[in-house]
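Here is a short set of exercises to work through with the model open beside you. Try each task before you read its solution.

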Amino acid sequence: MDHFLYRDGVLHAEDVPLPEIAATVGTPFYVYSTATLERHYRLFDEGMAGMDHLVCYAMKANSNQAVLTVMARLGAGADVVSGGEYSRAVAAGFPVERIVFSGVGKTADEMELALSGGVRQINVESEPELRRLSEVAVRLGVTAPIAIRINPDVDARTHEKIATGRSENKFGVPIGRAREIYAEAAGLPGLDVAGIDVHIGSQLTDLGPYERAYGKVAELARVLRSDGHDIRRLDLGGGLGIPYERSNAVPPLPIDYCEVIRRTVGDLDCEIEIEPGRLIAGNAGLLVAGVIYVKAGQDREFLILDAAMNDLVRPAMYGAHHEIVPVTEPVPGSEQATYDVVGPVCETGDTFSRGRKMPSVVEGDLVAFRSAGAYGAVMASEYNSRPLVPEVLVSERRFAVIRPRPAFDEMINRDIIPSWLKG
Ligand code: LLP
């Protein structure tokens with residue numbers, strides 16, 4: 001459920017009509033609903049009730065400082081994957097004891113940043129990374145609390161570009177070698193081995209793969225404990241999918257996902273961390289665009305929007321589906337059209353959808369891409385020198401620009417012309 005509903009014939013974000021934001025900010029823009037962000041966080045937090053847990057928001061999904069502030073105030077933890085994300089999390093007010101540092105290739109500089117600033121846990125993904133982290137910790141005179149990410153060789157049954165739990169994927173250490181690797185970690189001077197980490201992929205639409213992966217984690221936890229490791233924390237990753245296509249089956253709910261956790265690892269007396277990103281932010285955001293032209297092609301109509309692949313890359317990158325709805329509510333029985341929905345960028349890949357059936361729209365109308373709050377703005381670029389798309393946060397009847405659209409000059413002046421090219 002989200003808070004983007006038609007009221008009086010106009011699509012609203014909470015209590016704010018979208019045309020009001022468009023008149024202030026121009027199009028395209030992202031808009032996020034605070035109430036939806038909060039609701040989605042609580043679904044996980046309440047689903048985990050009775051288990052010692054921390055919901056660590058995977059901020060790669062949407063790392064605007066205002067969104068992070070909403071999460072930090074709710075008491076969420078943060079899952080970060082770079083020095084930049086760590087710094088954003090700290091700046092947004094996440095206590096460092098709630099920041100988990102994940103990622104397949106952390107540099108010594110990133111390790112130093114986290115260890116000197118403080119961190120709940122670093123998730124280590126390889127033997128060379130274990131050794132590097134131990135060296136950095138010893139140099140700084142601290143001990144690094146760690147979990148080791150295991151690769152359970154489970155097929156998450158999702159898009160190949162976002163599946164991470166198969167043995168051929170770059171992530172984690174093979175589960176079959178876990179005992180040996182934990183033994184090495186325990187012998188390294190700068191490390192405190194606290195737990196096990198796993199993340200099998202993103203946009204999972206069935207619970208079976210979780211059940212299998214978490215079952216393997218539970219088994220491994222018992223074995224590692226019998227080997228003498230003090231396994232007291234399990235980081236179970238993120239990945240629960242959201243309904244992008246209204247006509248498709250609804251993916252499992254957070255409450256059902258939390259039941260799988262309870263059933264598989266609930267009796268291990270561990271602190272449990274989960275790292276949802278998409279489910280918290282995805283349906284909390286829209287991308288609103290204007291219709292520039294409706295163009296008649298040879299055998300089709302092109303709906304040319306002022307948003308493009310640089311603003312929302314998911315359709316071009318993963319063939320992802322986003323519902324596209326007119327901001328003015330279509331009256332029952334109004335005309336339907338079939339469009340190839342495209343942006344102005346100079347490549348055919350800049351296509352949001354082919355043959356999309358939707359209510360017919362005209363030049364100057366506004367349309368909204370649903371489910372665009374996660375992996376939308378964060379993946380945007382300035383390709384074709386299109387300034388980064390602005391972001392807006394709504395809370396009830398208020399809205400604020402939380403990242404303005406850069407002026408052309410700001411974009412241009414970031415580049416530096418070397419002295420020998422001047423004059
Ligand atoms: N934890 C780890 C270690 C991750 O790698 C990810 C996502 C998450 C948690 C959060 O997963 P979520 O709950 O958001 O599914 N750009 C792609 C998605 C990439 C996901 C990468 N890792 C997309 O637009 O679909």
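The exercises below concern a predicted model, and they go from the ligand site to three individual residues.

**Exercise 1. Describe the shell of residues around the ligand.**

Step 1: Count the neighbours. The ligand is surrounded by 18 residues. The closest of them are S202, E275, R278, R314 and Y375.

Step 2: Sort the shell by class. Six of its residues are nonpolar, six are polar and six are charged.

Step 3: Place the ligand among the pockets. The ligand takes up the space of the largest pocket.

**Exercise 2. Find polar atoms of G239, R278 and Y375 that lie close to ligand oxygen atoms, and say whether each belongs to the backbone or a side chain.**

Step 1: Start with G239. One of its backbone N or O atoms is 2.8 Å from a ligand oxygen atom.

Step 2: Go on to R278. Here a polar backbone atom is 2.7 Å from an oxygen atom of the ligand.

Step 3: Finish with Y375. In this residue a polar side-chain atom lies 2.6 Å from a ligand oxygen.

Step 4: Add the surface view. On its own the ligand has 590 Å² of accessible area, and the protein covers 91% of that.

**Exercise 3. Is D79 buried or exposed, and which side chain does D79 contact?**

Step 1: Locate the residue. D79 belongs to strand 6, which spans residues 77-80.

Step 2: Apply the cut-off. Buried means under 20% relative accessible area. D79 has a value of 1%, so D79 is buried.

Step 3: Look for a partner. The side chains of D79 and K60 are joined by a polar contact of 3.5 Å.

**Exercise 4. Is K357 buried or exposed, and how far apart are the C-alpha atoms of K357 and Y339?**

Step 1: Locate the residue. K357 sits in strand 18, residues 351-359.

Step 2: Apply the cut-off. Exposed means over 50% relative accessible area. K357 is exposed because its relative accessible area is 64%.

Step 3: Compare chain and space. K357 and Y339 are 18 residues apart along the chain, and their C-alpha atoms are separated by 6.6 Å.

**Exercise 5. Where is E391, and what does its side chain contact?**

Step 1: Locate the residue. E391 is in strand 20, which covers residues 391-395.

Step 2: Check the accessibility. With a relative accessible area of 3%, E391 is buried.

Step 3: Name the partner. A 2.5 Å polar contact links the side chain of E391 to that of Y32.

Notes:
Residues are numbered from 1 along each chain as its sequence is written. This is a predicted model: local features need pLDDT of at least 70, side-chain atom pairs count only at pLDDT 80 or more; totals for chains, interfaces and linings use all residues. Side-chain values use heavy atoms; hydrogens and water are left out. A residue is near a molecule or strand if one of its heavy atoms lies within 4 Å of it. A polar contact is a pair of N or O atoms within 3.5 Å; within protein, one must be able to donate a hydrogen and the other to accept it, and residues adjacent in sequence count only if both atoms are side-chain atoms. Accessible areas come from the Shrake-Rupley method with a 1.4 Å probe; for residues, only the protein chains shown count as cover. On a 1 Å grid over the protein atoms alone, a cavity is a set of points where a 1.4 Å probe fits but cannot get out, and a pocket is an open set with protein on both sides within 12 Å along at least five of seven lines; lining residues have an atom within 4 Å of a point. A molecule sits in a cavity or pocket if more than half of its atoms lie within 2 Å of its grid points. Ala, Val, Leu, Ile, Met, Phe, Trp, Tyr, Cys and Pro count as nonpolar, Asp, Glu, Lys and Arg as charged, and the others, Gly among them, as polar. Helices (H or I, at least four residues) and strands (E, at least two) are DSSP runs, numbered from the N terminus. Buried means under 20% relative accessible area, exposed over 50%, partly exposed in between (1.4 Å probe, protein chains only).
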